[in-house]
Amino acid sequence: MKIHEYQAKELMGAYGIPVPSGTLALTADEAYEAAKNIGPCVIKAQIHSGGRGKGGGVKFAKTPEEAREIAEKMIGMTLVTKQTGAEGKVVHKVLVTEANDIKKEYYLSVTVDNANACLVIIGSGEGGTEIEEVSEKHPELIVTEKVSVYQGYHAYNGYEVARKMGIPAALTKDFVKILGNMVRMMMDKDCSLIEINPLVETADGKLLALDAKVNFDDSGLVRHPELEELRDIDEEDPKEYKASLYDLNYISLFGNIGCLVNGAGLAMATMDTINKFGGSPANFLDLGGSTTEDKVAAALEILMTDPHVEVIMINIFGGIVKCDLIASGIVSACGKLGLKVPMIVRLEGTNVDAGKKILAESGLNIIPAKDLADAAHKAVEAAKGGAK
Ligand code: ADP
Ligand code: MG
């Protein structure tokens, strides 16, 4: 789960990480009022995406009137950044925050190193909006330090990173503390990423987190009911949100063949087979082991309402999951939304005959397949035919 910068800063502040003061504004008038209290300020679009500075989502205002003018234009605009994709994201709220006098910008983050089963600190003395370019062209300027989740963070981790990043001696002690607090928050809240870019050295010689990005591991959310209120549904992919409500393992991809499968391994094999026949899956979708008719129908609705899906391929190997239950879910979803794209169905396993009977008697124009290869082949052919 992602959260907004203003929320991330609030959380970081509670963990002793220095953040500038700021006020959230939903309207231009609110931005005006906030700016009256702050003085010279920065208006920052709150969307779940970075690259706002370059995209026009971070603007300076000297006076409250100017703040109002900027907020007026920013709220409601579709902000396109390098990270949003061409369709951009609509700005619903802005953060009005003090304008800081910056001496130097650093990059600092903590994330999970899956391959080494540990946390990793990533830092750079060349932080700011060009960090992607720095990491591409000058990887030697990116510092990494592994932190064991068993031994935890130690000050020497921080001193090592500070030295390599070129943190001035006078700020090193504060830096080591900030980093320690980031790791503490990471572990406490089951984050998958805490990123401060830029962490700045201000003209009056202090470290301050001017930007903040925090992502949580979705699998850890069950342990943190307090984080649920930070969720902003407006910012989430509606398909992935619906999938989360039904406990479906769903990931949106870039192709045009919508897949509905039971079991993560079979879902991977299905995607591989589609690729082998020259097609491209629109998603990964694993119904899971204990599914219900409602879950099947919800999963199909996600695929049927996705404009990128031109063909649907259902691949079920019934073990605990029964094929007749799947078939009833298919009939129910098609009855509700109408079957507008070719649907290839491969059913095998428990209650397969009952499942096939339900589909045959439904009168739906379903293309049956005898095995995975046959189903993938038919799906790819249908997709090629400009199925829609
Ligand atoms: P993004 O990463 O989405 O582009 P940032 O919050 O990092 O957004 O802002 C981009 C740049 O704008 C920063 O690198 C910094 O130079 C400048 N900036 C952001 N907030 C402030 C602020 N409060 N005071 C001064 N400069 C700021
Ligand atoms: Mg930033």
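In this predicted model, the loop between α8 (238–245) and β13 (249–252) holds D247. D247 is not a glycine, yet its phi is positive, at about 60°. With a relative accessible area of 59%, D247 is exposed, because the cut-off for that class is over 50%.

N351 is another non-glycine residue with a positive phi of about 60°. The loop that carries N351 runs between β17 (343–349) and α12 (352–362). N351 has a relative accessibility of 33% and therefore counts as partly exposed.

**Magnesium site and the cis peptide**

Two protein residues donate to the magnesium ion (ligand 2): N197 through O and D211 through OD, at 2.1 to 2.2 Å. N197 belongs to strand β10 (residues 191–202), whereas D211 lies in the loop between β11 (207–209) and β12 (213–216), so the ion's two donors tie together parts that are 14 residues apart in sequence. Water is not among the atoms, so the site may look incomplete.

N197 is buried, at 13% relative accessibility. The peptide bond that leads from N197 to P198 is cis, with omega near 10°. P198, too, is part of strand β10.

**Ligand 1**

Ligand 1 occupies the second largest pocket. Elements that each supply two or more residues to the shell around ligand 1 are β2 (41–45), α3 (52–55), β3 (58–61), β6 (94–98), β7 (102–113) and β10. In total, 19 residues surround ligand 1, and the closest are K44, R52, G53, E98 and E105.

Three polar contacts of ligand 1 are listed below.

| Residue | Protein atom | Ligand 1 atom | Distance |
|---|---|---|---|
| R52 | side-chain N or O | oxygen | 2.8 Å |
| E98 | backbone N or O | nitrogen | 2.9 Å |
| N100 | polar backbone atom | nitrogen | 3.0 Å |

Taken alone, ligand 1 exposes 540 Å², and the protein buries 89% of that area.

Which residues contact ligand 1 through a backbone atom, and which through the side chain? E98 uses a backbone N or O atom, and N100 a polar backbone atom; in both cases the partner is a nitrogen atom of ligand 1. R52 uses an N or O atom of its side chain, and the partner is an oxygen atom of ligand 1.

Strand β10 appears at both sites: it carries N197, a donor of the magnesium ion, and it gives two or more residues to the shell around ligand 1.

Terms used
Residues numbered from 1 in each chain as written. Chains lettered and ligands numbered in written order. Predicted model: local features only at pLDDT ≥ 70, side-chain atom pairs only at ≥ 80, totals over all residues. Heavy atoms only, no water. Donors = N, O, S within 2.8 Å, 3.2 Å for Na, K, Ca; no water. Helix = DSSP H or I, 4+ residues; strand = E, 2+ residues; numbered from the N terminus. Buried < 20%, exposed > 50% of the residue type's maximum accessible area, 1.4 Å probe, protein only. Near = heavy atom within 4 Å. Polar contact = N/O pair within 3.5 Å; in protein donor to acceptor, adjacent residues only side chain to side chain. Areas by Shrake-Rupley, 256 points an atom, 1.4 Å probe, with all protein chains shown as cover. 1 Å grid on protein atoms, 1.4 Å probe; cavity = no way out; pocket = protein on both sides within 12 Å on 5 of 7 lines; lining within 4 Å. Sits in = over half its atoms within 2 Å of the grid points.
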